[in-house]
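Colleague: Hi, do you have a minute to walk me through this model? I'd like to start with the surface and then move on to the charged pairs and the cysteines.

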Amino acid sequence: MQIPRLLSTQEIMGLITNTLRNYPSLSRAELSTMLPITPATLTHHIRDLIDAGWVEERSLRKTTVGGRPRMGLTLRNNATYAITMVISPNVLVGAIIDFGGHIMLKTRIEHPMDNITEAIAVIQRQIEELIKHLSVRSARFAGFGIAIPGIWDPESETVVFSPNLPEWAGMKLRELIRRNTGVEPNIVENDADAAAWGELWFGAGREVQDMMYVLCDAGIGAGIVLQRQLIRGQNNSIGEIGHLFVDSGNTEFICGCGQYGCLEALASLTALQPYQENGTPTSIALAKVSQYLAIGLGGLINVLSPQVVVLGGPM
């Protein structure tokens with residue numbers, strides 16, 4: 001199969017490295033059968049990856065007695081590292097990830113993130129701590145990615161909407177981080193979408209074409225993958241499933257968006273708090289929340305028909 005003209009060198013490199021990340025120690029012949037790349041093109045890019053220090057080729061066990069040793073391609077996990085952060089309304093989680101996708105260090109700061117000035121200060125402290133550990137490793141720094149609980153507009157580089165962090169609406173997050181830390185995020189992504197990418201590359205979505213990741217936190221969001229492509233919709237808002245209307249008769253729990261009856265108001269961590277405050281037994285509270293979650297997800301599954309649904313988040 002000829003490689004499509006629209007496939008760039010960067011995309012080819014990504015195909016090779018992602019495949020080796022999920023299936024280490026493949027031979028060149030095995031790798032060639034798994035990718036839409038001609039053997040000549042594969043050889044060229046494998047040589048570039050080896051020369052750059054991203055991939056190494058090692059002798060494995062012999063396939064037959066007296067035969068030639070089998071050569072396998074593997075990623076050099078220590079070739080480079082990236083910093084990642086996930087922002088929640090009350091928690092900031094940071095990590096250092098190696099080239100193989102392994103978490104080398106994880107940090108957690110519990111602090112309300114609604115005030116922008118304080119939030120940026122917390123982010124700065126986290127970045128400084130993670131970079132300090134990178135410096136100890138004398139490692140190549142690949143980049144910095146950050147996930148947020150809201151809608152991100154990559155063109156204006158603005159947080160469009162975040163019901164659980166309403167003060168963030170209109171915030172130039174990337175610019176603020178760069179100005180205060182000297183480090184500019186390479187990628188800013190919605191938290192559920194970022195988690196969907198992670199499952200697609202490293203987790204339950206590696207072998208499927210269609211998947212839905214549902215993040216249950218203070219809010220509820222989804223990353224929807226069809227034909228191994230993340231679906232964003234107009235204004236990058238297709239995954240805001242927390243604002244699906246699931247109960248017209250419930251006026252007890254108001255959502256962060258200002259409406260009643262939203263899935264997020266009835267089936268998230270935020271929804272559990274009133275039950276806890278009223279002394280409702282945990283089993284009863286979880287049963288009520290789970291019922292609403294099932295209603296919302298059931299409708300989405302009927303519409304999207306994903307092969308896999310992944311539930312994630314602290315809930």
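**Surface, charges and cysteines**

Modeller: Happy to. Ile301, Val309 and Leu311 make a nonpolar surface patch of about 240 Å². Keep in mind as we go that this is a predicted model.

Colleague: Where is isoleucine 301 found?

Modeller: Isoleucine 301 sits in helix 9, which covers residues 282-304. Its relative accessibility is 35%, so isoleucine 301 counts as partly exposed.

Colleague: Okay, on to the strands. In what sense do strand 7 and strand 8 pair?

Modeller: Strand 7 (residues 151-153) and strand 8 (residues 158-161) pair in the antiparallel sense, over three bridges. The two form a hairpin.

Colleague: Which residue is the bridge partner of aspartate 153?

Modeller: That is threonine 158, in strand 8.

Colleague: And how many residues lie between the two strands of the hairpin?

Modeller: There are four residues between them, and glutamate 157 in the turn has a positive phi of about 55°.

Colleague: Which residue forms a salt bridge with glutamate 157?

Modeller: Arginine 174 does, with the closest N and O atoms 2.9 Å apart. The pair links distant parts of the chain, 17 residues apart: arginine 174 is in helix 5 (residues 173-181), while glutamate 157 is in the loop between strand 7 and strand 8.

Colleague: Is arginine 174 buried or exposed?

Modeller: Arginine 174 is buried, at a relative accessible area of 12%. Glutamate 157 has 27%, so glutamate 157 is partly exposed.

Colleague: How many salt bridges does the count come to?

Modeller: The count comes to nine salt bridges. One of them joins arginine 178 and glutamate 184, where the closest N and O atoms are 3.9 Å apart.

Colleague: What is the relative accessibility of arginine 178?

Modeller: It is 40%, so arginine 178 counts as partly exposed. Glutamate 184 also counts as partly exposed, at 37% relative accessibility.

Colleague: Good. Which side chain does aspartate 193 meet in a salt bridge?

Modeller: Aspartate 193 meets arginine 232, at 3.9 Å from N to O. Aspartate 193 lies in helix 6 (residues 191-202) and arginine 232 in the loop between strand 12 (229-230) and helix 7 (263-267), so the salt bridge ties together parts that are 39 residues apart in sequence.

Colleague: How do those two count for burial: buried, exposed or partly exposed?

Modeller: Aspartate 193 counts as buried, at 6% relative accessibility, and arginine 232 counts as partly exposed, at 29%. There is also a network: salt bridges that share partners join Glu157, Arg174, Arg178 and Glu184 into one.

Colleague: Nice. Changing topic, how many disulfides does the count come to?

Modeller: The count comes to zero disulfides. Cysteine 216 is in none, and the nearest cysteine sulfur, which belongs to cysteine 255, is 14 Å away.

Colleague: And what is the nearest cysteine sulfur to cysteine 255?

Modeller: The nearest cysteine sulfur is that of cysteine 257, 3.7 Å away, and cysteine 255 is in no disulfide.

Colleague: Why does 3.7 Å leave cysteine 255 without a disulfide?

Modeller: Because a disulfide needs the two cysteine sulfur atoms within 2.5 Å, and the nearest sulfur to cysteine 255 is 3.7 Å away.

Colleague: Last one: is cysteine 255 buried or exposed?

Modeller: Cysteine 255 is buried, with a relative accessible area of 5%. Cysteine 216 also counts as buried, at 4% relative accessibility.

Colleague: Great, thanks for the tour!

Definitions and conventions:
Residues numbered from 1 in each chain as written. Predicted model: local features only at pLDDT ≥ 70, side-chain atom pairs only at ≥ 80, totals over all residues. Heavy atoms only, no water. Buried < 20%, exposed > 50% of the residue type's maximum accessible area, 1.4 Å probe, protein only. Patch = residues over 30% accessible without salt bridge, like charges linked within 9 Å, V, L, I, M, F, W, Y side chains within 5 Å. Areas by Shrake-Rupley, 256 points an atom, 1.4 Å probe, with all protein chains shown as cover. Salt bridge = Lys/Arg side-chain N within 4 Å of Asp/Glu carboxyl O. Pairing = 2+ DSSP bridges.
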